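Dear colleague,

I am passing on a structure that you have not worked with before, and I would be grateful if you could look through it alongside the notes that follow.

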Amino acid sequence: MSAPKPVEELTYEAARAELVAVVQELEAGAQTLEEAMALWERGEALAARCQEWLDEARARIEARRAAGGAEAGGAGAGAAPE
């Protein structure tokens with residue numbers, strides 16, 4: 001078996017898919033304590049990577065909304081009507 005790809009190189013989709021697999025493997029409970037701990041640590045890193053991707057996506061959306069709001073005279077796309 002080859003070494004897993006470094007977490008920071010994974011796309012959101014790849015990190016999420018691997019995280020799902022890690023959770024399923026942990027839930028099966030067929031590993032030693034040491035193996036379970038290694039899986040847990042990998043899962044934590046994968047979850048953090050997924051959160052980084054989501055945070056970056058949110059920042060991009062918010063930046064575009066802010067840019068759009070500035071162009072439209074300050075009324076952002078998500079602004080509530082008065």
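Before the notes begin, one term is needed: a residue is called buried when its relative accessible area is under 20%, exposed when that area is over 50%, and partly exposed in between, as found with a 1.4 Å probe on protein chains only. By that definition Arg49, with a relative accessible area of 12%, is buried.

Please keep in mind that this is a predicted model, in which local features need pLDDT of at least 70 and side-chain atom pairs count only at pLDDT 80 or more, while totals for chains, interfaces and linings use all residues. Residues are numbered from 1 along each chain as its sequence is written, and side-chain values use heavy atoms, with hydrogens and water left out.

As for confidence, pLDDT is the predictor's confidence in each residue, from 0 to 100, and the protein chain averages 88, with 84% of the residues scoring at least 70. Over residues 74–82 the pLDDT stays under 50, and for this stretch the model has three contacts beyond four places in sequence, a contact being heavy atoms within 4.5 Å.

Helices here are DSSP runs (H or I, at least four residues), numbered from the N terminus. The 17 residues of helix 1 should span 24 Å at 1.5 Å a residue, and the end C-alpha atoms of helix 1 are indeed 24 Å apart; the expected span is 1.5 Å times one less than the number of residues. After helix 1 comes Gly29, which has a positive phi, near 70 degrees.

How many salt bridges does a search of the whole structure find? The search gives two, where a salt bridge is a side-chain nitrogen of Lys or Arg within 4 Å of a carboxyl oxygen of Asp or Glu. One of them joins the side chains of Glu18 and Arg42, at 2.7 Å from N to O. Because Glu18 lies in helix 1 (residues 12–28) and Arg42 in helix 2 (residues 33–71), this pair ties together parts that are 24 residues apart in sequence. Glu18 is partly exposed at 24% relative accessibility, whereas Arg42 is buried at 17%.

In the other salt bridge, the closest N and O atoms of Arg49 and Glu52 are 2.8 Å apart. Both residues lie in helix 2, three residues apart, or about one turn of the helix, and Glu52 is partly exposed at 39% relative accessibility.

Arg49 also has partners further along the chain: leaving out residues up to four places away in sequence, Arg49 touches Val7, Glu8, Leu10, Ala15 and Glu56. The side chain of Arg49 reaches the backbone oxygen of Glu8 at 3.4 Å, and the C-alpha atoms of Arg49 and Thr11, 38 residues apart along the chain, are separated by 8.7 Å.

Finally, the largest nonpolar core (buried Ala, Val, Leu, Ile, Met, Phe, Trp, Tyr and Cys residues joined through side-chain atoms within 4.5 Å) has seven residues: Val7, Leu10, Ala15, Val22, Leu39, Leu46 and Cys50. Helix 1 and helix 2 each supply at least two residues of this core, and helix 2 gives the most, with three.

With best wishes

Notes
Polar contact = N/O pair within 3.5 Å; in protein donor to acceptor, adjacent residues only side chain to side chain.
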